[in-house]
Amino acid sequence: MQGLTIPPGALPPEAEALRAEVRAFLAAEMPAIPPLKRCRNWSGADADFSRKMGERGWLGMTWPKAYGGHERSALERYVVLEEMLCAGAPVGAHWVAERQSGPQLMRFAPTTLAPKIVPRIARGEVFFCIGMSEPDSGSDLASIRTKATRSHKDGQGDGWVINGRKLWTSGAHRAHYMIALVRTGEKSENRHGGMSQFLVDMTTPGLTVRPIVNQLGEHDFNEVTFDDVWVPAENLIGAEGDGWAQVGAELAYERSGPERYMSCSQLLLEMLDASDAEDARQAEVIGRIVASYGALRQMSLGVASMLARGENPALAASLVKDQGALVEQAMPDTAHALFGGRVAPGSTLDQAMRYTTLAVPSFSLRGGTREILRGIIAKGLDLR
Amino acid sequence: MQGLTIPPGALPPEAEALRAEVRAFLAAEMPAIPPLKRCRNWSGADADFSRKMGERGWLGMTWPKAYGGHERSALERYVVLEEMLCAGAPVGAHWVAERQSGPQLMRFAPTTLAPKIVPRIARGEVFFCIGMSEPDSGSDLASIRTKATRSHKDGQGDGWVINGRKLWTSGAHRAHYMIALVRTGEKSENRHGGMSQFLVDMTTPGLTVRPIVNQLGEHDFNEVTFDDVWVPAENLIGAEGDGWAQVGAELAYERSGPERYMSCSQLLLEMLDASDAEDARQAEVIGRIVASYGALRQMSLGVASMLARGENPALAASLVKDQGALVEQAMPDTAHALFGGRVAPGSTLDQAMRYTTLAVPSFSLRGGTREILRGIIAKGLDLR
Amino acid sequence: MSQDTLTDTLIEDSAAKLFSTQVDKDRRLRAETGEWDAALWQQVADSGFHLLLASEASGGYGQGWTAAYPLLRGLGYWQVPLPLAETMLAAQLASAAGFDIPDGPLTLIEQGQGNQLTVAAGDGLATLSGTAHAVPWARHATAALVSLADGRVALLDLQGAPGVQVQPHANHAGLPSDTLVLQQARLRAVAANPLALDRPVWTLGALARSTMLVGALESALEQAVRYAGERVQFGKAIGKYQAIQQQLALMAGDVSAARVATQVALADAPGGDQHSCAATHFSTAVAKVRAGEAATRGTSIAHQVHGAIGFTHEHALHFATRRLWAWREEFGSDAAWASELGRAAIAARAAGFWPGITAKTF
Amino acid sequence: MSQDTLTDTLIEDSAAKLFSTQVDKDRRLRAETGEWDAALWQQVADSGFHLLLASEASGGYGQGWTAAYPLLRGLGYWQVPLPLAETMLAAQLASAAGFDIPDGPLTLIEQGQGNQLTVAAGDGLATLSGTAHAVPWARHATAALVSLADGRVALLDLQGAPGVQVQPHANHAGLPSDTLVLQQARLRAVAANPLALDRPVWTLGALARSTMLVGALESALEQAVRYAGERVQFGKAIGKYQAIQQQLALMAGDVSAARVATQVALADAPGGDQHSCAATHFSTAVAKVRAGEAATRGTSIAHQVHGAIGFTHEHALHFATRRLWAWREEFGSDAAWASELGRAAIAARAAGFWPGITAKTF
């Protein structure tokens, strides 16, 4: 059960100085953002805010300076993230690009695509979306059907033509690029073979983004249709047929951060302001959440330290995500138990309860559903 | 989803008169039984108490008078059961015989075995145990290996010789008879074929009862070894090879009664006496348990009404058992949350917490584990 | 429809027919924009459903709450965007109190539950002042039946009445849950509480919501079971995975518990031939707690099974789940009702517990 | 063992060696009969483990709490029936307060936590009177380190001391958890609290129990995983069923959370080179809450997986699970510590919440 042990991670002293800087920035920026918008947490998007973070050097913090990064430690990046998340800062515009797309491009297209694009991610100017899920494939990526075929286009050289449809693509409507996982060959014995990743410019002719409105009446998901979308040969990321393995590495990033337990922080803050320390129910229930925050923060820091040391945090990240989901998912129900039916309409607590209650079912969709996560952990226990 | 609807069952007026009689009896009998013993609930055995219930006509209440029964309604029997259970009366000695064995004998051996034995069950004089589980078969009864072979014994005529081993046999050490499920033929396409039920006198030579002490340090389970145990031919219950189907009918009885949610009632009563209505935590937590008791009692009554009308309550009984187990299993943890570490050693609450905490893991073993129960319900939802 | 044809089966059949054919997604969505569905309301009124519980003397059908089960459950199951439950209860209480039943949709106010309302003696009739939150459908209601803290019941005109200001709000389901600001608003009529039941609006309102929750739970469970049977992942329907089966089985148990508890509470509520209120508080509390708990666990399971598709506005699941979130908190949350039950049980101590459960007197 | 050889790895190795070879079922059972295992204690004492946290000046090793992890975790993992945690902590506090460390096993008392104790000025030294419940191992301890409500710490002789009466009780695990009845029992020494930490016995006792819980949780999880891999039902190992896998995965997550929280709390506790107590209360509270919650869910899962066999006295599972039930309530239950954290967080309001979490100052 070695992989199930998460070593505690300690923050270096310079991280605390950085924290003070971030707090000063947030103290200036956040008053303009009303509490309801803070509930959106890491799905709230504000291009201007992203640009300001880029200016301060808080995007691509761990990346090489050659790519516009700042060569700081993973733990310093961690501090920026957790401060932004608890404040409910609108970090959604750059989130995917900074967490996943930048690292992918530097790793799998270090000389071709990365030099052109990654510095712009670090400046908070370029946003990404991820083209993975399809109508008939949720967590089961082997069933992807969107297809890229080799093609030659006069005047533009060799390339690929993509046809198909991606679903549940978060932020496609504001993204400049998509990294799309598509089929470039047949399934072989390896059911995950024959897939490749491409960088797709969202302005390419033939690519259509259709909004999918969620049950909050908001627009975050999209359907993206590829109708003979042409991408140049150099936009193949990594090796042809390696798409699945490249995505696997990406998922660990997706499951490891402080965003994995903090999505409902604004509701927690509202509850704190509405609670009475003398109420035995409120004190115990909130205290258990505080303990979970304390423990999850340390687990999450531990995973960041593993990343910083170059260790594989896949299993540890799954543990954090599963434990974090328990806390996140329970938050609106906890608010209901403590305050349901007794809140003034329109108050900030009321707004946070309404928004978060309706938003929370989507949180389990991010980074793997519970059953799949626990299956990964069970594998770590040698049960599968 | 028709089978998932439990019609509410209403008690007839005569049932309330009976309830008053039972309460008067309990008011006289229970003061002699200390709170810790009441925690044993339906596993507490007292032959004298069983005989007194028999004298009052409270055993075999629904059975034909020809078998020593009293031809009263299933709902009247229900009232006696629920009163006994909430009081923590020691009904364990006759429990199995009255709930399962008597009905089985009347149904499958109505002219041979039942007339001799069932009237004695109704008098509270004869106790039974059930020989089902074996070392390598828990819930999977098809893997039973204890075997009965046809045999002839001079002076005693035709019969069977049983060899093998039964495990987890509750109350075998005080039972006069066992109804044993054993193999009399090979498994065929029907993996549950080839099994039969026998009535076994516990004093037969070759039968050995070895106590299995549980984690409470108490003796309820046993290992029963059959070493050439001879049973006469008339002790075959029902038809040879029908054992599995006969047992299936029995399991519905096992899952349907008020014992399915009331096992921790004594601990609840102790918590009520230790609580403060002004404590917001205690009031809400206990109120949720009260609501569960209210709902489960009505579900359980509904199942009793289905039985009274001759309907098949198998699915409804599984729903009651699953919901009941949630309430029972949570009770010691609830007591821990409200009182853990703050109880005077040796107080009745302390005794009830200690006993019930250690006893509760065994409750899910009775009448099917959670996974199997929910599998039955899923089948009712047409998912399997 | 003549009075004596309103038998239980007929109510069930005609409710099912009306709701299943007339209530569609479009109607639900329009109601959420604040539009009043006069046509649908007229169909309900033509069926006489809103007067089911009102006495025959006052022009109603004098039925008991059990007869209302198919209607109230249907409001949840088909997600009918109308104040039918509110009007039924208001009409029952108005008729029992000897008031003329106002025409049109009605709403309900319980003084002292999350509002600050004060009654003052006016010239002739009393007046009501203050703020009442979460008054269902207030903007469309002609009048409100008010249960006063001193035990009396009253009738308050709403539409265009002087001193009455409506601030629109919506509940989780997007349905009207308005704030009423009252300045010496005249009560049209005041009478003694006709029932031996404290807080008749609050308690019977909770009973109505419990029944509506059961209907919405059944809808969410059916949708989840259906989707689990259709959606294929890793080569088989997700409903074949044991983890999904176990979750849906748990939800089925919760729904069963809520349904039985609610049906018992309906039988224990005053109306029709049932005059006793002895068990009404206990049985309603049990129903609201168990239905609320089932809503909490059930919304989570139904959404977990559905994945992303269930989170879209396009899919119908949210019409059920948003009602579950709304109704679990209206007329007292499960926590609030549980606390009441708990205080009564603790006061009864161990000796009084079981007699209280069997007599249903907490 | 010489002082400088007591490195972390060495402690881990020698604890593992001693506990895994010496502690068996027989020893555990004999301890539950009330028998004192002098031989096992002697082996522990010979290794110097009990003086690990005591200052070098007083003959100890001056190590910090992180160094104690393998020992404390080992008490749970191997279910070692000895008052080693109590003695380690008592020796640390005694040495820090400038007391001579008494020989033999020691125990701990925190005034005001579930006991009614009063201090009176005696002739020369103060005396302690009243009743203290759940004093671990009191019957076998030579002395108790007492943390007084006014902030001082004191040393109380137990074995044969006048005015000291021991009433034996046992915790869920069958281990001594005695009641002390004191009548003007003389305190051997009294000093100011040497740490900037309120309730040093209570808080550091909770830290020790958290670590022991982690060890017992690891034992229960390993046993359950092993059994799930061996036990065949319906033709396959039960660990191949998705429902069992999901349960054990949840338990693994809880155990991980408890372990990380506990290791952080150990690093934040005063001792060795770590002099600050600023984060001790917060980190200990987090650890005790999460370890207690993990014990509650974990005992249920481990027993559910084991079925009947795990409920027998013969099987080893209960040595772990009964300790989990005992320790989750000792030195403050998870509910009690959560309530403290909750009160502090509510007092800090929204503005103070996150700074409090990052500075660990609640």
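**Exercise 1. Determine how many salt bridges link chain D and chain C, and describe the rest of this interface.**

*Solution.* Between chain D and chain C the count is zero salt bridges, a salt bridge being a side-chain nitrogen of Lys or Arg within 4 Å of a carboxyl oxygen of Asp or Glu. The model is predicted, so local features need pLDDT of at least 70 and side-chain atom pairs count only at pLDDT 80 or more, while totals for chains, interfaces and linings use all residues. Residues are numbered from 1 along each chain as its sequence is written, chains are lettered from A in the order in which they are written, and side-chain values use heavy atoms, with hydrogens and water left out.

Step 1: contact means heavy atoms within 4.5 Å; by this rule, four residues of chain D touch four residues of chain C.

Step 2: the buried area is about 310 Å², with 53% from carbon and sulfur atoms. Buried area is the accessible area (1.4 Å probe) that two parts lose on being put together, summed over both.

Step 3: three residue pairs are in polar contact across this interface (both at pLDDT 80 or more). A polar contact is a pair of N or O atoms within 3.5 Å; within protein, one must be able to donate a hydrogen and the other to accept it, and residues adjacent in sequence count only if both atoms are side-chain atoms.

Step 4: on the side of chain D that touches chain C, two residues are nonpolar, two are polar and none is charged. Here Ala, Val, Leu, Ile, Met, Phe, Trp, Tyr, Cys and Pro count as nonpolar, Asp, Glu, Lys and Arg as charged, and the others, Gly among them, as polar.

**Exercise 2. Describe the interface of chain D and chain A.**

*Solution.* Step 1: 46 residues of chain D are in contact with 48 residues of chain A.

Step 2: the two chains bury about 3,900 Å² between them, and carbon and sulfur atoms give 68% of this area.

Step 3: the rule finds three salt bridges across the interface. Arg288(A) pairs with Glu293(D) in a salt bridge whose closest N and O atoms are 2.8 Å apart.

Step 4: 14 residue pairs are in polar contact (both at pLDDT 80 or more). The side of chain D that touches chain A comprises 25 nonpolar, ten polar and eleven charged residues.

**Exercise 3. Describe how the two domains of chain C meet.**

*Solution.* Step 1: chain C is divided into domain 1 (3-192) and domain 2 (200-359), with bounds from an automatic or database domain assignment. Their centres, taken over C-alpha atoms, are separated by 23 Å.

Step 2: 36 residues of domain 1 of chain C are in contact with 36 residues of domain 2 of chain C. The area buried between these domains is about 3,000 Å², of which carbon and sulfur atoms give 63%. Trp65(C), Tyr69(C) and His172(C) supply 22% of the area that domain 1 buries against domain 2, more than any other three residues.

Step 3: four salt bridges are counted between the domains. The side chains of Arg209(C) and Glu86(C) form a salt bridge at 2.6 Å, N to O. The rule also finds 13 residue pairs in polar contact between the domains (both at pLDDT 80 or more).

Step 4: the side of domain 1 of chain C that touches domain 2 of chain C has 17 nonpolar, 13 polar and six charged residues.
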